[in-house]
Amino acid sequence: MRGDYLFTSESVSEGHPDKVSDQISDAIVDLFLSKDPEARIACETLTTTQLVVLAGEIRCKGVYENGAWAPGAQAEIEKTVRDTVKRIGYEQDGFHWEKFEFINRLHGQSAHIAQGVDAADNKDEGAGDQGIMFGYATDETPDLMPATLYYSHKILERMAADRHSGAAPFLEPDAKSQVTLRYEGSLPVAATAVVVSTQHAPGYDEGDKEAELHAYVKRVIAEVIPPVLLRETVYYINPTGSFEIGGPDGDAGLTGRKIIVDTYGGASPHGGGAFSGKDPTKVDRSAAYITRYLAKNVVAAGLATRCTIQIAYAIGVSEPLSLYVDTHDTGTVGDDRIEQAIKGIAKLGGLTPRAIRTHLGLNKPIYQPTAAYGHFGRKAEGDFFPWERLDLVDDLKAAFA
């Protein structure tokens, strides 16, 4: 392992056009799961100048059955979409929650997909698709996340909170951040570069107003990143100069285009599948959540300081095809033994799609909060972010007692 290197991760705000799309898609997932916990949803969203388009496949009792919408269902969908954009804060000439054109092209789920996924007779529920999923954890931060991504998220979360509260009225919803850290061994020792590009009100690209914006961003960075890491930092704040036109008006947004922001900032492999817009029978989502849960508990149990876990499925098949653990030479026991310990924990139910959903309680409307500032490294609270719980630590320790 290299002893001295630079590593970088980026984040994007809730107002980034791709994140607007993710939040709309997950708002639709939550809407349908609130009506039918067994709903099937694959909702893609396109956002651009004064336009939002939904497309995808659904099945939901009381909302869409036998090829037809229930009375009032389409109006409720449109209200959910507009409310999501309003909450984010878009009231601009090029994208306004009340004025954009809305097109709904959701339709019924393919019967051929349904027959492979649904449980029937003595057949257990199958995976909603083939694929490989990865989970990761590291002891770099209290949330067991890569520090580069952790700080990138925190900068934008703080700026969004100030925008919503009115503490920073010159900020508009769209923003990006990027943090580069220098590592010695496995420890971050310095932030060598921090990039923040934020959409702003007119006039904040020159003179005293530009200076005010730059000073504000530097203050946020200083309050998020520990001072000991900021001794050699170079700052890049709105390096293009002006950033007035942003969001879906500045760049079209699509669901699922920020999968590295959503996960580990590039510090871990990624299977390629996006999360937002998908119900939990889609293992792109649920298996990525369970592998994060497993990796986080492995690190929290003291079995390693870094852990990557891969799992694989075939569409329509309930049992996973493989489980792979890599502790990157930081493990206190063999990786193969950790694999066997995970397989031996009865309450995980063999990591079938149904067992994952049951153990983590995923058939609930809990997904819109995941669609900005990362699906991982969040606080497990009530029904939300259950994959961040550390309730498997004792089971893992017991396996090696």
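## Loops and helices in a predicted model

At 5% relative accessibility, Asn-238 counts as buried (under 20% relative accessible area with a 1.4 Å probe, protein chains only; exposed is over 50%, partly exposed in between). This is a predicted model, where local features need pLDDT of at least 70, side-chain atom pairs count only at pLDDT 80 or more, and totals for chains, interfaces and linings use all residues. Residues are numbered from 1 along each chain as its sequence is written, and side-chain values use heavy atoms, with hydrogens and water left out.

Asn-238 sits in the loop between strand E12 (234-237) and helix H6 (247-250). Helices (H or I, at least four residues) and strands (E, at least two) are DSSP runs, numbered from the N terminus. Here's some background: most residues other than glycine have a negative phi. Asn-238 has a positive one, though it isn't a glycine, and Tyr-373 is another non-glycine residue with a positive phi.

| Residue | Phi | Relative accessibility | Loop between |
|---|---|---|---|
| Asn-238 | about 45° | 5% | E12 (234-237) and H6 (247-250) |
| Tyr-373 | near 70° | 8% | H10 (353-360) and H11 (393-399) |

Next up is Ala-301, in the loop between helix H8 (283-300) and strand E14 (306-313). Is Ala-301 buried or exposed? Buried, with a relative accessible area of 10%. Leaving aside residues up to four places away in sequence, Ala-301 touches Val-393, Leu-396 and Lys-397 (contact means heavy atoms within 4.5 Å). Val-393 is 92 residues from Ala-301 along the chain, yet their C-alpha atoms are separated by 5.0 Å.

H8 also packs against H10: their axes come within 10 Å and cross at roughly 60° (axes are lines fitted to C-alpha atoms over the stretch in contact; angles run from 0 to 180 degrees between N-to-C directions). The contact is made by residues including Tyr-289, Ile-290 and Tyr-293 of H8, with Ile-356 and His-359 among those from H10.

Now for helix H5 (residues 207-224). Its 18 residues should span 26 Å at 1.5 Å a residue (1.5 Å times one less than the number of residues), and the end C-alpha atoms are indeed 26 Å apart. Which residues of H5 are buried? They are Leu-213, Tyr-216, Val-217, Val-220, Ile-221 and Val-224. These cover an arc of only 135° around the axis (taken from the directions from the helix axis to the C-beta atoms), so they lie on the same side of H5. Their cover includes helix H4 (147-165), strand E10 (171-184), strand E11 (187-200) and E12. The face turned away from that buried side carries the exposed residues Gly-207 and Asp-208.
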